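Student: Could you take me through one part of this model in close detail? I would like to see how its strands pair, and then how a couple of its helices meet.

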Amino acid sequence: MTPVNAIVAKELRSYFVSPVVYVVSAVFLLIFGVLSYLAVVNAGNQAVRMMQIQGAAAQLNLNDLVFRPTFYSTAIVILLVLPILTMRLFAEERKLRTFELLMTSPIGINAVVLGKFLGVCLIFLGLLALTGIVPLILSVYSSFDWRPVLTGYLGLALMGALFLAAGVLASALTENQIVAAFLSFGLSILIWLLGALGAVLGDNPVGNALSYLSFIEHYDRLVRGLVDTKDLVYFVCGMILMLFLAHRVVESQRWK
Amino acid sequence: MIEVQNVTKRYGDFTAIERVTFTVDKGEVLAFLGPNGAGKTTTMRILTCFIPATEGAARVGGFDCFEQPMEVKRRIGYLPETPPLYQELTVTEYLTFVGRIKGMRAKDLRSGLDRVTERLALGDVRDRLIANLSRGYQQRVGLAQVLLHDPPVLILDEPTMGLDPKQIIEIRELIKSLAGSHTVILSTHILPEATAVCQRVVIINNGRIVAVDSPQRLSARLRQSEKISVTVKAPPANLADRFRALPGVLSVFEPTETGAFLLECELGEDRRDDIARFVVGNGWGLLELKTVSMTLEDVFLRLTQNEEGMVSAGEAPGEAQMEKHTQA
């Protein structure tokens with residue numbers, strides 16, 4: 001068993017014995033359920049209105065009316081929820097002095113950072129998988145195109161992983177969990193706002209660069225069903241950058 | 001096995017340890033003795049590659065702690081001051097995790113688990129959450145973590161802290177049994193512990209090493225004067241001065257509440273005979289007369305209350321000694 005596996009296994013174990021993961025899952029799934037319910041009701045209302053105008057049964061596009069708004073609102077929800085999962089990763093180790101055990105064991109900082117990141121990613125992917133019940137139920141009562149739903153999930157997974165990587169970095173910066181949560185929350189929102197800032201600056205190199213740096217346009221394309229390599233590259237690079245910075249932060253603490 | 005050469009560690013302006021040099025041979029048990037904040041933990045953290053030294057070099061098993069930390073980490077077991085325990089895991093889960101990050105193979109891990117569970121008597125608690133264990137058990141789990149992968153070098157920061165007297169004796173026996181096969185550095189501020197388990201003692205104060213020797217030799221080396229305690233039934237007012245006038249008596253400390261004068265005499269000659277005759281001859285009534293040998297505790301206080309303790313052991317530490325006596 002490699003050290004990374006050992007860390008992942010330990011993280012999963014720690015998550016499941018603490019109430020945090022259950023509370024976070026329950027709240028997240030409840031919100032996701034309410035959001036998709038609202039989207040479905042909204043779609044139903046629109047169908048009724050269209051029937052009144054056109055006088056015939058309208059062809060409803062569930063992808064546009066249900067899934068897309070749900071994916072957009074879920075982005076905000078995970079932005080709020082994921083820092084709660086990542087805040088303890090390093091902060092707690094330092095507070096409880098178990099950090100010394102990790103740092104004096106023959107494993108690299110890479111393995112620790114990667115192990116912790118992968119552990120929390122698995123929890124998040126599990127959560128996403130549970131939300132799959134919504135499209136499954138909808139597919140029983142209506143028909144829609146599964147492919148944009150799947151790319152939407154891919155977008156959610158990648159964006160969530162980026163938030164988690166930012167959370168790992170934030171947790172490495174402090175030994176106070178509240179500070180860690182708040183930092184990762186702030187960091188994610190800032191990256192989000194870069195998109196708005198880019199839009200304000202308009203269609204020039206600076207504006208485009210800022211828009212590119214925000215995950216919002218990349219996520220948007222995936223939710224609309226467009227899988228472009230450059231979006232995938234964006235998310236993967238973002239994660240690597242965050243984890244690399246986390247590695248540097250952990251490493252630098254030895255020198256203080 | 002362990003070499004520390006001129007290691008200095010500074011935090012900004014604050015110098016935690018300064019030019020610390022010592023070596024530990026294979027199979028030796030060395031105690032690191034010093035008051036709180038003397039630099040014991042800092043030295044241990046440098047040896048375990050947790051923090052780098054500002055200057056100087058530390059080597060474990062021939063590997064430099066800065067250049068080849070992985071090799072060093074493979075060879076050490078480290079128990080920090082606070083045992084590094086994950087409260088939410090059971091003892092077995094915790095030890096399994098430790099074994100894995102120490103790079104143990106599944107087979108070694110199983111036998112290692114059985115060995116440390118047996119050795120530290122953790123059998124009854126192996127499936128309990130660490131959070132629910134008593135302080136003594138938690139400390140033992142911490143020690144189990146150190147011994148699990150059977151490293152040749154053990155670095156223990158205050159290993160008996162928080163244990164009850166019976167457990168302390170058990171742990172000391174355990175450490176003694178490790179001597180020979182393992183190289184052990186342990187830090188403590190409990191002096192009898194150092195005398196009980198160690199072949200050598202390093203006394204550190206304010207980040208500097210003030211003495212390195214065996215506990216016995218250390219107290220012998222510092223006994224540059226013999227102390228004699230004299231209790232007199234009816235002492236005249238100027239007895240202290242009259243004692244002082246005796247040949248071979250260096251200094252006299254006034255009686256404490258026990259009524260005993262403490263005479264510091266030159267080393268080598270036994271003055272008890274002369275003093276007895278002097279007191280009896282004057283008819284003051286001799287109640288008690290005995291030599292007072294310096295315990296490691298005295299040595300420790302002498303050395304740590306005065307940094308130049310080794311240099312001017314004759315004078316200045318005498319004051320420290322007096323201070324202690326008036327306190328007592």
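Tutor: Strands β4(B) and β5(B) pair in the antiparallel sense, with two bridges between them. This is a predicted model, so please read everything here in that light. One of the pairings in this stretch joins B:Arg59 to B:Asp64 in β5(B). The two strands form a hairpin with two residues between them, and in the turn B:Gly61 has a positive phi of about 60°. Strand β4, residues 55-60 of chain B, also pairs with β1, which covers residues 2-11 of chain B. Here five bridges join the strands, and β1(B) and β4(B) run antiparallel. If you want a spot to start from, find B:Thr8, whose bridge partner in β4(B) is B:Glu55.

Now to the helices. Helix α3 (residues 91-101) and helix α5 (residues 135-147), both of chain B, have axes that come within 9 Å and cross at roughly 30°. Angles under 35 degrees count as roughly parallel, and α3(B) and α5(B) are therefore roughly parallel to each other. Their crossing is right-handed. On the α3(B) side, the residues in contact are B:Val91, B:Tyr94, B:Leu95 and B:Val98; from α5(B), they meet B:Val141, B:Ala144 and B:Gln145. By class, this contact of α3(B) with α5(B) has six nonpolar residues and one polar residue, with no charged residues.

Key: Residues are numbered from 1 along each chain as its sequence is written. Chains are lettered from A and ligands numbered from 1 in the order in which they are written. This is a predicted model: local features need pLDDT of at least 70, side-chain atom pairs count only at pLDDT 80 or more; totals for chains, interfaces and linings use all residues. Axes are lines fitted to C-alpha atoms, for helices over the stretch in contact, and angles run from 0 to 180 degrees between N-to-C directions. Helices (H or I, at least four residues) and strands (E, at least two) are DSSP runs, numbered from the N terminus. Angles under 35 degrees count as roughly parallel, over 145 as roughly antiparallel, 65 to 115 as roughly perpendicular and the rest as oblique. A crossing is left-handed if the near helix is turned anticlockwise from the far one by less than a right angle, and right-handed if clockwise. Two residues are in contact if their C-beta atoms, placed from the backbone, lie within 7 Å. Ala, Val, Leu, Ile, Met, Phe, Trp, Tyr, Cys and Pro count as nonpolar, Asp, Glu, Lys and Arg as charged, and the others, Gly among them, as polar. Two strands pair if DSSP finds at least two bridges between them.
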